[in-house]
Amino acid sequence: MVRLFIVMLALVHFVSPSYAIGSADMQFDENVATDLKSQVVNDFSFLESIQASKASPIHQTTFGTVSGANYLQWFNKRVLFFGVDTCGGSTAVACVDPAFKNKIWVTDNYIQISHPQIARLMTLYHEARHTEEENDNWPHAKCPSNFKPTSIWTGAKLNNEYACDDTAYGSYSSASVMLNNISKFCTNCSAKVKADAKLYSDDQVKRVIDNTAIQQLAVDFAF
Ligand SMILES: [Zn+2]
């Protein structure tokens, strides 16, 4: 998620047969291990089951309703290809490269560090948001020099890194809104999923540093 736009991928990524994610197919690079492919497919299978009673205004604007079918449709419009890479740094978890349309990569930090299922999905939705060329790929803002929160994935320091958002609609903001809505409105999620969703939502929203965006998100979270 860090330093996403300066990642230049020189390697050629060969594409292997595709796997169904909901009603669409996603193509995994050949270097994506079978275990990871299965995990991703299973994670989306879980997400597809989500049902909810309502959605917050920013969620409605960004994703539409809180429902598995809607989440998969949203993702499938943006991501068709999935790879594994270093993403340009030891602390990166995942990335996009605007030169490769509709593609996301995850790193060993995503694969090897154990995080809840909903947190893995949050990362994929964060990256999917970055594929939106029409929104300049939602570039991150530079975290202040005195920024205290650290990466919930790796523990890495974030101050002076381009790992914050200055909008209520960027990758950190939107992924946080998504998980906040799941934590509050999902009608068929386990208590653990809801607790995990709240934990990661509360963490990611700390990456928003613009006062107007912070206020907009506070109103949305209180919905
Ligand atoms: Zn990002």
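Helices and strands here are DSSP runs, numbered from the N terminus. With that in hand, open the predicted model and follow along.

**Stop 1: a loop residue**

Select Ala-33, which sits in the loop between strand 2 (24-29) and helix 1 (34-48). Is Ala-33 buried or exposed? Ala-33 counts as exposed, because it has 11 C-beta neighbours inside 10 Å, and a residue with 12 or fewer falls in that class. Now add Gly-83 to your selection. Ala-33 and Gly-83 are 50 residues apart in sequence, yet their C-alpha atoms are 9.9 Å apart in space.

**Stop 2: the strands**

Stay with Gly-83 for a moment: its opposite residue in strand 5 is Trp-105. Widen the selection to strand 3 (residues 81-84) and strand 5, which run parallel and are joined by four bridges. Phe-81 also takes part here, with Lys-103 of strand 5 as its bridge partner.

Next, bring in strand 2. Strand 2 and strand 3 run parallel too, with two bridges between them. To see one of the pairings, select Phe-28 and look across to Phe-82 in strand 3.

Strand 4 (residues 94-95) comes next. In which sense do strand 4 and strand 5 pair, parallel or antiparallel? The pairing is antiparallel, over two bridges. Pick Ala-94, and you will find Val-106 of strand 5 opposite.

Finish this stop by showing the side chains of strand 5 (residues 103-106), which is covered on both faces. Lys-103 and Trp-105 lie on one side, Ile-104 and Val-106 lie on the other, and all of these are buried.

**Stop 3: two residues with positive phi**

Here is some background before the next selection. Most residues other than glycine have a negative phi.

Select Asn-102, in the loop between strand 4 and strand 5. Asn-102 is not a glycine, but its phi is positive, at about 60°. There are 16 other C-beta atoms within 10 Å of Asn-102, so this residue is partly exposed.

Then move to Trp-138, in the loop between helix 5 and helix 6. Trp-138 has a positive phi as well, near 45°, and is likewise a residue other than glycine. Trp-138 counts as buried because it has 20 C-beta neighbours inside 10 Å.

**Stop 4: helix 1 and helix 3**

Now for the helices. Two packed helices are described by the angle between their axes and the distance between the axes.

Show helix 1 together with helix 3 (residues 68-78): their axes come within 7 Å and cross at roughly 135°. The two helices are therefore oblique to each other. To light up the contact, select Phe-44, Leu-47 and Glu-48 in helix 1, then Gly-68, Ala-69, Tyr-71 and Leu-72 in helix 3. Sorted by class, these residues are five nonpolar, one polar and one charged.

**Stop 5: helix 5 and helix 6**

For the last stop, select helix 5 (residues 117-130) and helix 6 (residues 171-185), whose axes come within 8 Å and cross at roughly 140°. That crossing angle makes helix 5 oblique to helix 6. The crossing is right-handed.

Which residues of the two helices meet? On the helix 5 side, select Ile-118, Met-122, Tyr-125, His-126, Arg-129 and His-130. On the helix 6 side, add Ser-171, Tyr-172, Ser-174, Ala-175, Met-178, Leu-179 and Ile-182. The residues of this contact divide into eight nonpolar, four polar and one charged.

Definitions and conventions: Residues are numbered from 1 along each chain as its sequence is written. This is a predicted model: local features need pLDDT of at least 70, side-chain atom pairs count only at pLDDT 80 or more; totals for chains, interfaces and linings use all residues. Axes are lines fitted to C-alpha atoms, for helices over the stretch in contact, and angles run from 0 to 180 degrees between N-to-C directions. Angles under 35 degrees count as roughly parallel, over 145 as roughly antiparallel, 65 to 115 as roughly perpendicular and the rest as oblique. A crossing is left-handed if the near helix is turned anticlockwise from the far one by less than a right angle, and right-handed if clockwise. Two residues are in contact if their C-beta atoms, placed from the backbone, lie within 7 Å. Ala, Val, Leu, Ile, Met, Phe, Trp, Tyr, Cys and Pro count as nonpolar, Asp, Glu, Lys and Arg as charged, and the others, Gly among them, as polar. Two strands pair if DSSP finds at least two bridges between them.
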